[in-house]
Amino acid sequence: VQTFNLTDQDRHLPQGEALKAYVERMERVVRWVRKTAQEIGLASRLASSLRLQHANYKSIIVYIQALFQQRARLLVVRLDLFYNNLEREAMKQAPDAYDYSVVDTDRLGWPDITKPLMDQHKDELGRFVEQKFHCCGHVFVWEKALVRGFYLHTLLFFDGSEHCKWKGIAHMIGQHWNDHIT
């Protein structure tokens, strides 16, 4: 990672020669981003990722339509379930003092979280939801954000004739995720 030493002064619009120096620094940043993107083949990687996302989206739509055809009423609950994150907690404790320009990945907990472990946690959650609430369908999607770290997007589908209190269900699932899974 290359740093460009942007300071607090860079956050305010400079004047005269300082403006010229500022523009030159920003142009260096833009050139570096373009060069790096070309070196790693960002355009082709992005196109491949977008094709995969589109295919996943289409398959999820077909799945959800089939669920709605099987049931007269569905209760849909959407949750985002996070891993505890020391970096995020540090930001909450002192948002004005936190240095957002440097994110220490060691404090994010990423080295401890592996794909097999994440899949195990997702499977445990799926079993819990199916056993406790008789879930009739679900969609799980993992995502990784710079500050949040890994988290699980969930869409849970319940028979609307059996369940109507989504807040209670969402709370119990979140509590189970925090207390028993992560």
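The exercises below work through one helix, its packing, its cysteines and its salt bridges.

The model is predicted, with local features requiring pLDDT of at least 70 and side-chain atom pairs counted only at pLDDT 80 or more, while totals for chains, interfaces and linings use all residues. Residues are numbered from 1 along each chain as its sequence is written, and side-chain values use heavy atoms, with hydrogens and water left out.

**Exercise 1. Two helices and their ends**

Compare the span of α4 with the span expected at 1.5 Å a residue, do likewise for α1, and inspect the residue that follows each helix.

Solution. Begin with the definitions: helices (H or I, at least four residues) and strands (E, at least two) are DSSP runs numbered from the N terminus, and the expected span of a helix is 1.5 Å times one less than its number of residues. Helix α4 covers residues 115-133, and its 19 residues reach 26 Å from the first C-alpha to the last, which is close to the expected 27 Å. Helix α1, residues 16-39, has 24 residues and a reach of 35 Å between its first and last C-alpha, close to the expected 34 Å. Turning to the ends, H134 comes just after α4 and takes a positive phi of about 55°, and G41, which follows α1, has a positive phi near 65°.

**Exercise 2. The two faces of α4**

Determine which residues of α4 are buried, explain how they are arranged around the axis, and identify what covers them.

Solution. Apply the accessibility classes, in which buried means under 20% relative accessible area, exposed over 50%, and partly exposed in between (1.4 Å probe, protein chains only). The buried residues in α4 are M118, H121, L125, G126, F128, V129 and F133. Seen down the helix axis, these buried residues fall within an arc of 165° (taken from the directions from the axis to the C-beta atoms), so they line one face of α4. The face turned away from this buried side carries P116 and Q131, which are exposed. The cover over the buried residues includes β1 (74-82), β2 (137-145), β3 (149-159) and α5 (166-181). Within α5, H176 counts as buried because its relative accessibility is 16%; leaving aside neighbours within four places in sequence, H176 is in contact (heavy atoms within 4.5 Å) with F128 and I181.

**Exercise 3. The nonpolar cores**

Find the residues that touch the most other members of the largest nonpolar core, and then trace the contacts of L156.

Solution. A nonpolar core is a set of buried Ala, Val, Leu, Ile, Met, Phe, Trp, Tyr and Cys residues joined through side-chain atoms within 4.5 Å. The largest core has 23 residues, of which L125, V129, L156, F158, I173 and W177 touch the most other members. Two or more residues of this core come from each of β1, α4, β2, β3 and α5. Apart from neighbours within four places in sequence, L156 is in contact with L75, V76, V77, L79, V129, C135, G137, H138, F140 and I173. Another core, of 6 residues, lies apart from the largest one and has I64, C136, V139 and F157 among its members.

**Exercise 4. The cysteine pair**

Establish why the sulfur of C135 does not form a bond with that of C136.

Solution. A disulfide is a pair of cysteine sulfur atoms within 2.5 Å, and a search of the whole structure finds 0 disulfides. The cysteine sulfur closest to that of C135 is in C136, and at 5.9 Å the two are too far apart for a bond. C135 is buried, with a relative accessible area of 13%, and C136, at 19% relative accessibility, counts as buried as well.

**Exercise 5. Salt bridges along the helices**

Locate the salt bridges made by D119 and by K35.

Solution. A salt bridge is a side-chain nitrogen of Lys or Arg within 4 Å of a carboxyl oxygen of Asp or Glu, and the whole structure contains 5 of them. K115 and D119 meet in one at 2.9 Å, N to O, and both lie in α4, 4 residues apart, about one turn of the helix. K122 also bridges to D119, with the closest N and O atoms 4.0 Å apart. Through shared partners, salt bridges join K115, D119 and K122 into one network. In α1, K35 and E39 are 4 residues apart and therefore separated by about one helical turn; their closest N and O atoms are 3.5 Å apart in a salt bridge, and E39 is exposed, with a relative accessible area of 56%.
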